[in-house]
Amino acid sequence: MQRLVIRGEKRLCGEIAVQGAKNSALALLAGCTLCSGEVRLKNCPALSDVFAACRILNRLGCKSRYKDHCAVIDARGMCECAVPEELMREMRSSIVFLGAVLGRKGECELSFPGGCELGPRPIDMHLSALRQMGARITEEYGVLCCECPTGLRGAKISLGFPSVGATENIMLAAVLAKGETVITNAAREPEITDLGDFLNCCGARVSGHGTSSIVISGVERLHGCEYEVMPDRIVAATYMAGAAITGGELELKNARAGDLEAVVPVFEQMGCRVYTYDDRIYINSKKPLRAVKTIRTMPYPGFPTDAQAVVMAALTKAKGTSVVVENIFCSRYRHVDELVRMGADIKTEGKVAVIEGVKKLYGARVRACELRGGAALVLAGLGAQGETEVENICYIDRGYENIEKHLRLAGADITRVMC
Ligand code: EPU
């Protein structure tokens, strides 16, 4: 067990290179199972979730190796179609292997992912879409058995909600299916665009990705390719919030402002200056932070739920009252009690959190309960007087590569220690 020890109130200053996007890399790694050639994924972040996905690939009979942010996957020898329960438990998002393995092998067996730190995580839309494409799916004792002996066929699928995971699973299942698949009310997240671009780079025929209507024309086979994973927009937002809460000044390299169009204005309302050019975002926070207009988390291009906790950490010190409405997950305020232990004034009721800015946060011993909430505690520690210890940092390591190293290089006093 490890924890992060932070001595706060040091301004973050300097340059941070933003890692590749976890949520894109995971879908791309699942997509590798569809390719009959070697895939080289560059800018693939060194994260425990990425390594868990590589272990799944190995169990399926693919060859995977990882070095210097490059994952090399060869799925030609893929011989298995079951993802063991212990690997499913390691990473809830392994559900994205369902569409890919089904598309490649015509069958797939994996355990039902169940709930997680963010509350119940149903997969009804994933299953209903795959059924429409011809899959027979049964569930017994928590294990999902999916088969389509005569192969998947294209279908017109209308999602009741633009689910990221369901859109990815349908895309992955559809690229080798017979005929055309049309997804309406598809998720429009940049990670979906990245997945479509990657699949096309492997020879797929995907169009409309990034819009709410995606069309996939099935092809006979996909080949290997070399592809660079997009930058992580949530990690960029996290470091921006770090600059905001410490009154700092950061230049983020390998960051795409275009993916953060709902987030940048929130920092500007707080009083930060944000400049964006090419693949860089510059933020400075010279003035005292101000409260912002109500933030409502929404599917892209709305304000991302994944940035809710880290932005809230900065708002704890913003003068006035800010309101956040979490519309995507029902249990995504678990960081609030920990922030309150550090002196924040936050009240929650259902989806709504009301944040009264305080003058000071104080260091405390706190526990990460999930990935983004954990990152929010680190940021609060950077902005707090005294020493903060963040425990349970395995959650943070799922999505942030070497967070302490990047923050230290920008002037933070933060160390990882063994418990
Ligand atoms: N939902 C259903 N039925 C379904 C699928 C989803 O009811 O069949 C509900 C979910 O319960 C949730 C909402 O729809 O309330 C959104 O779920 P979505 O499917 O869009 O999310 P996801 O694919 O499970 C991905 C990211 C999350 C991110 C969300 C929303 C990955 C691996 N995960 O999850 O990332 O919060 O999209 O943008 O891509 C994170 O990185 O910290 C993280 C949790």
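**Exercise 1.** In which loop is the place of proline 301?

*Solution.* The model is predicted, so local features need pLDDT of at least 70 and side-chain atom pairs count only at pLDDT 80 or more, whereas totals for chains, interfaces and linings use all residues. Residues are numbered from 1 along each chain as its sequence is written, and side-chain values use heavy atoms, with hydrogens and water left out. Proline 301 is found in the loop between strand E18 (295-296) and helix H10 (308-315), where helices (H or I, at least four residues) and strands (E, at least two) are DSSP runs numbered from the N terminus. A cis peptide bond, with omega of about 15°, joins tyrosine 300 to proline 301. Most peptide bonds, by contrast, are trans.

**Exercise 2.** Identify the residues that surround the ligand, and sort them by chemical character.

*Solution.* The ligand is surrounded by 23 residues, the closest being Asp124, Ser163, Gly165, Asp306 and Ile328; a residue is near a molecule if one of its heavy atoms lies within 4 Å of it. This shell divides into 10 nonpolar, 6 polar and 7 charged residues, with Asp, Glu, Lys and Arg counted as charged and Gly among the polar ones. At least three shell residues come from each of domain 1 (2-19 + 231-418) and domain 2 (22-228), whose bounds come from an automatic or database domain assignment.

**Exercise 3.** Describe the polar contacts of the ligand (pairs of N or O atoms within 3.5 Å), and then its burial.

*Solution.* An oxygen atom of the ligand lies 2.5 Å from an N or O atom in the side chain of aspartate 306. A ligand oxygen atom is 2.8 Å from a polar backbone atom of methionine 125, and a polar side-chain atom of arginine 332 is 3.2 Å from an oxygen atom of the ligand. Taken alone, the ligand exposes 830 Å², of which the protein buries 86%, the areas being computed by the Shrake-Rupley method with a 1.4 Å probe.

**Exercise 4.** Locate aspartate 68 and state its phi.

*Solution.* Aspartate 68 is in the loop between strand E4 (63-67) and strand E5 (70-74). Although it is not a glycine, aspartate 68 has a positive phi of about 45°.

Technical notes. A polar contact is a pair of N or O atoms within 3.5 Å; within protein, one must be able to donate a hydrogen and the other to accept it, and residues adjacent in sequence count only if both atoms are side-chain atoms.
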